[in-house]
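Here is a quick tour of a small set of computed features for the model below. Have a look at it, then read on.

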Amino acid sequence: MPFQSKYDPERITHLSTEILALLAREKTPVDLGLMVLGNVLSNLVNDNLPAGKRAALVKQFAKTLEQSVVTGHH
């Protein structure tokens with residue numbers, strides 16, 4: 001079942017393109033890019049969500065990420 005976002009797909013694409021362009025411009029290896037994105041995600045979650053909601057959100061995020069990677073859908 002395709003994931004339905006509450007956000008504008010064009011905005012999502014724009015932000016994703018900007019982040020990927022930065023990583024490409026910096027010639028970032030995959031493992032470093034994953035570390036950087038992981039740090040950004042951790043900060044985003046920890047700085048913006050109450051402690052009691054973090055684990056459930058991260059669990060759902062990880063599940064969706066895994067499905068996206070396995071199926072090849074973005």
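How much area does the chain expose, and what share of it do carbon and sulfur atoms supply? The exposed area is about 6900 Å², and carbon and sulfur supply 64% of it. Accessible areas here come from the Shrake-Rupley method with a 1.4 Å probe, and for residues only the protein chains shown count as cover.

Keep in mind that this is a predicted model: local features need pLDDT of at least 70, side-chain atom pairs count only at pLDDT 80 or more, and totals for chains, interfaces and linings use all residues. Residues are numbered from 1 along each chain as its sequence is written, and side-chain values use heavy atoms, with hydrogens and water left out.

**Overall layout**

The chain has three helices and zero strands, in the order α-α-α along the sequence. Helices (H or I, at least four residues) and strands (E, at least two) are DSSP runs, numbered from the N terminus. Along the principal axes, the C-alpha atoms fill a box of roughly 35 × 30 × 25 Å. Of the 74 residues, 4% count as buried; buried means under 20% relative accessible area, exposed over 50%, and partly exposed in between (1.4 Å probe, protein chains only).

**Helices and what follows them**

Helix α1 (residues 9–25) has 17 residues and reaches 24 Å from its first C-alpha to its last, close to the expected 24 Å. That expected span is 1.5 Å times one less than the number of residues. For α3, 21 residues should span 30 Å, and the end C-alpha atoms are 31 Å apart, which agrees.

Lys27 follows α1 and sits in the loop between α1 and α2. Its phi is positive, near 50°, in a residue other than glycine. Most residues other than glycine have a negative phi. Just after α3, Gly72 also takes a positive phi, of about 80°.

**Four residues to click on**

| Residue | Place | Relative accessibility |
|---|---|---|
| Thr13 | helix α1 | 48%, partly exposed |
| Thr17 | helix α1 | 44%, partly exposed |
| Leu44 | helix α2 | 51%, exposed |
| Lys27 | loop between α1 and α2 | 70%, exposed |

Why does Leu44 count as exposed? Its relative accessibility is 51%, and the cut-off for exposed is over 50%.

For a sense of distance, Thr13 and Leu41 are 28 residues apart in sequence and 18 Å apart in space, C-alpha to C-alpha. Thr17 and His73 are 56 residues apart in sequence and 16 Å apart in space, again C-alpha to C-alpha.

**A nonpolar patch**

Which residues make the nonpolar surface patch of about 470 Å²? They are Leu41, Leu44, Phe61, Leu65 and Val69. Both α2 (30–48) and α3 (51–71) supply at least two of its residues, and α3 gives the largest share, three residues. Patch residues have over 30% relative accessible area and no salt bridge; like charges are joined within 9 Å, and nonpolar side chains (Val, Leu, Ile, Met, Phe, Trp, Tyr) within 5 Å. A salt bridge is a side-chain nitrogen of Lys or Arg within 4 Å of a carboxyl oxygen of Asp or Glu.
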